[in-house]
Amino acid sequence: MDDGHAAPNQGFDGYREYFVGKRQLQKAQEDQLREVCGARPSIFRGCRVHVNGRTDPDREELRREIVMHGGTFVHYLARPSDATHIVAEHVPTAKRRLWRVCKVVRPAWVLACLRSGKLLPWQPYAAAGTEAAAGIVASAGSPQGPRLTCKDPGFIEDFFAKSRLHHLSTWKAALREKFLDRYLRTNEGALNDLRAPPAHILHVDFDCFFATVSGIKAGYQSKTEVPLAVCHGGSSSDVASCNYAARECGIRNGMWVSKAQELCPNLVCLPYTYDAYETVSNSFYEVLEDLKAFDAVYPISVDEAVCVIDRPLDTLSCQELCIRIRAEVAERTGGCVVSIGCAPSLVLARLALKRAKPDGYLVCVKEPIKGGDTQVVSPAHLFETCTLRDLPGIGRAIAEKLLLGFTGHEHTIAQVSQLFSRSELITRLGSITGAKLADLFQGLDDVESSRMLRNPRAYFARKSLSAEINWGIRFDSVPEIDAFLDRLVQYLVSKINELCMTTSQIVLKIARRSSDAPIEPPKYLGMGDCDSFSKSCQLGLATNNPGVISAEIKAAFRMLSCPAKELRGIAVQFLKLREASTSHMPRQLRLPFSTIKPLETPKNRMKASVTELPPVVYKRATPIKDFFERHKRTSNSPSPDFTHMMSAPALCESFLGELPTDLAEEIRREHRIYQKARSSYLQSSRKKVETGVHGNTSEHILENSEILGPITFQNLTSQEKIKSLVREWISQTLRSDGPNHEDLSLFTSYLDRLISGGPRRLPALLSMARLISDQLRIHESYGDKQSFHEWEEYLVRVVLVRLNRCKQLYTQNVEILFDIYPQIDRP
DNA sequence: TTCGTGTGGTAGC
DNA sequence: TATCGCTACCACACGAA
């Protein structure tokens, strides 16, 4: 649609095309706006903002500002998750529950962001009537702002804003993405990939990065004699970073402040200065780029990079380069110190870096001149002076596993390599880790590390996305945890949307207080000693739908059977990521008409369709009942007890009637979620339909084929009976918590069998699509319910995808008209 | 043997 | 008043088919 206007309804694509057209029109207007007004700072980048009700400034003005400053304007809010922010003066009572998980802000937030030129925290601008606004009012007068607990809506963002480890991880991810983007732009294909090991590798790393930067910001010289540490505050907070003056007292990163202060009473504790770390890091990478001395600069972390030179340089030139880098970085960062290890392999460069610290550089060459410069060393020298733990990827666990029975002192690499042959290493540590260590002992890079150099595209590509919180997790009830999981999923979904990706496997990981650990650990709101459990779910079809993901995660939480009060940590992971553009996004389906090859016979057509378009299967690869059976057998494992879930009793309504309304509702809610996880509607209600009065044999459509046998669903052959079952199934599950995935899988398989029956089966397929659409239209009032969205998504992603495929295959033979739900309010 | 799942280890300050 | 114990990725063990 070149003109950007909605096309008239053409068969079953009409609804989608209408919306695609409408969105294109709006997008074109917004693009035009950006063009006319020129580029502005991208303050609202990644934000999807919806404006609700009457506002001041009005909706159009807010829209203009948001769009011009990099944001996306959400015109129609089909569901709360469509927007990251909702702008409203007040939250209508009817929307309070629905919007509970949203960032609902006053228009003042938009204006304040524009004034300050950056995205500001939303909580201080929470709209009247929201929980967040109530929290702010309650804590007014506190200079710190509201103290949020894990039960509060803003907790996740607040926690991440202060978490050093979260910052380190997100910076690293951003650097990798930036590298990849640059690499893909400048190195079309992989022509410049290194085929042989590069000549020189420089491993560059800041000395005590946080401590130095925070120190400089607080007015200390970078090499001050004053012992400094960066921490949040009190005695049980972690030392994130300390300078060398503090290290001389025995203070180490990760140590508690109370212990550090015992070792060094003069210790100066400095606050985190995340903005400054980011600024210095940017300067650091700029220096490495500006030097134009490297064939590649690989990011390792915010303050650490591996630089590669792919041409031979003499030792003196390497030394001069190290000196130059150190001087440039110091100049551009207000005096920050980097140390450098230079060697022909990653592992030797890393060891050289370890020995170069603090405030130095080392060049490792095979045969240094005897009595020459002390900054030039041999591999043997590094092996004799570095410890096993200095090797990359060798942490405490592996070192202990290997050196069991050899404890007593810190072993050097030279000593340990004498103790074990390659085969002994493999026996003790496993095939890959053992071989890796054997390689490292020879100064050679292991397969995994050298992937970074050989195939950076694969090495730096993102394969998963996750969020984890193991601090401040204290819940009293499962509904509170559900609300938290909703928010965490929403957080991740907004991330995955920014990446334009979808996921087809999700994992819930929890930390549960160990039975012998105290209720409250020594660290304030810490996790203490915990057992960890995880549960993964295959979604079958890649999605970014927060409702679908959230429902799975909540069901997974129930399967892990952790009492609410025992929970100390929660993580949600998205695995098997795919580009959103290549997966079938709802309402963004594209019919591949241009790729259709003319086929001569229906038989050929089917053959081609099978090879070119494998059927999409929406299934649950780990049926819940299998999961229960598997875990019943492993009684010696620390896995939780599922037996109470195996026999979830029916609810006694008369008993519930006597309970307080809140409590009764909570129990009903729990029961619905358990039921959804356990129950299959199709299994339980098939008999009812079989014995019903619907249909008669003369109405059989499907089994009349002369070539093909009857296509059954749930042992039913009459299409009327099947439709009756499906109608009842949809109606029931719309009222409750949506369809069971195994049921959907069975139904999808039925649809696929219809398709493989050829064009004659098409009316049956079309009839099923219409039936689902009709049911959704009938139950339009459930439009806000999760179950409604699940059915809607199934219709769009699974059923319509199949109809599209058939349209492509059979359009010459059969007229396909399908008008998708819902009715559209046309402009 | 191969595959999927759950668990655990490592790195950065 | 505390305090902000993340995240991506790989490898291993084990069980099922």
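This section describes a pocket, the salt bridges and two buried residues in a predicted model.

The second largest pocket encloses about 1,500 Å³ of space. Its lining comprises 45 residues, and those nearest the pocket centre are His-203, Asp-205, Glu-304, Arg-350 and Lys-354. Sorted by class, the lining of this pocket contains 21 nonpolar, seven polar and 17 charged residues. Residues of domain 2 (197-257 + 271-386) and of domain 3 (389-454) both contribute to the lining, so the second largest pocket lies between these two domains.

The structure contains 23 salt bridges. Two of the pairs involve arginines of helix H7, namely Arg-185 and Arg-182. Arg-185 pairs with Asp-181 through their side chains, with an N to O distance of 3.6 Å. Both partners belong to helix H7 (residues 164-186) and are separated by four residues, about one turn of the helix. Arg-185 has a relative accessibility of 54% and is classed as exposed because this value is over 50%. Asp-181, at 43% relative accessibility, is partly exposed.

In a further salt bridge, Arg-182 is joined to Glu-289, and the closest N and O atoms are 3.0 Å apart. This pair connects distant parts of the chain, since Arg-182 lies in helix H7 whereas Glu-289 lies in helix H11 (residues 274-290), 107 residues apart. Arg-182 has a relative accessible area of 44% and is partly exposed. Glu-289 is likewise classed as partly exposed, with a relative accessibility of 31%.

A salt bridge is also formed between Lys-223 and Asp-359, whose closest N and O atoms are 3.2 Å apart. Here too the pair links distant parts of the chain, the two residues being 136 residues apart. Lys-223 is located in the loop between helix H8 (209-217) and strand E6 (228-230), and Asp-359 in the loop between helix H13 (346-356) and strand E12 (361-364). The relative accessible area of Lys-223 is 54%, which places this residue in the exposed class. For Asp-359 the corresponding value is 31%, and the residue is partly exposed. Apart from these pairs, a network of salt bridges links Glu-286, Asp-290, Glu-328 and Arg-332.

Two buried residues were examined for their contacts, Leu-388 and Ser-281. Leu-388 occupies the loop between helix H14 (379-385) and helix H15 (396-402). Its relative accessibility is 2%, and Leu-388 counts as buried because this value is under 20%. With residues up to four places away in sequence left out, Leu-388 touches Ile-394, Ala-399, Leu-402, Leu-403, His-411, Thr-412, Ile-413, Val-416, Leu-437 and Phe-441. For one of these contacts, Ala-399, the separation from Leu-388 is eleven residues in sequence and 7.0 Å in space, taken from C-alpha to C-alpha.

Ser-281 is part of helix H11, the helix that also carries Glu-289. At 4% relative accessibility, Ser-281 is buried, whereas Glu-289 is partly exposed at 31%. When neighbours within four places in sequence are set aside, Ser-281 is in contact with Phe-209 and Val-302.

Notes: Residues are numbered from 1 along each chain as its sequence is written. Chains are lettered from A and ligands numbered from 1 in the order in which they are written. This is a predicted model: local features need pLDDT of at least 70, side-chain atom pairs count only at pLDDT 80 or more; totals for chains, interfaces and linings use all residues. Side-chain values use heavy atoms; hydrogens and water are left out. On a 1 Å grid over the protein atoms alone, a cavity is a set of points where a 1.4 Å probe fits but cannot get out, and a pocket is an open set with protein on both sides within 12 Å along at least five of seven lines; lining residues have an atom within 4 Å of a point. Grid points are joined across faces, edges and corners, and a volume is the space filled by probe spheres set on the points. Ala, Val, Leu, Ile, Met, Phe, Trp, Tyr, Cys and Pro count as nonpolar, Asp, Glu, Lys and Arg as charged, and the others, Gly among them, as polar. Domain bounds come from an automatic or database domain assignment. A salt bridge is a side-chain nitrogen of Lys or Arg within 4 Å of a carboxyl oxygen of Asp or Glu. Buried means under 20% relative accessible area, exposed over 50%, partly exposed in between (1.4 Å probe, protein chains only). Contact means heavy atoms within 4.5 Å.
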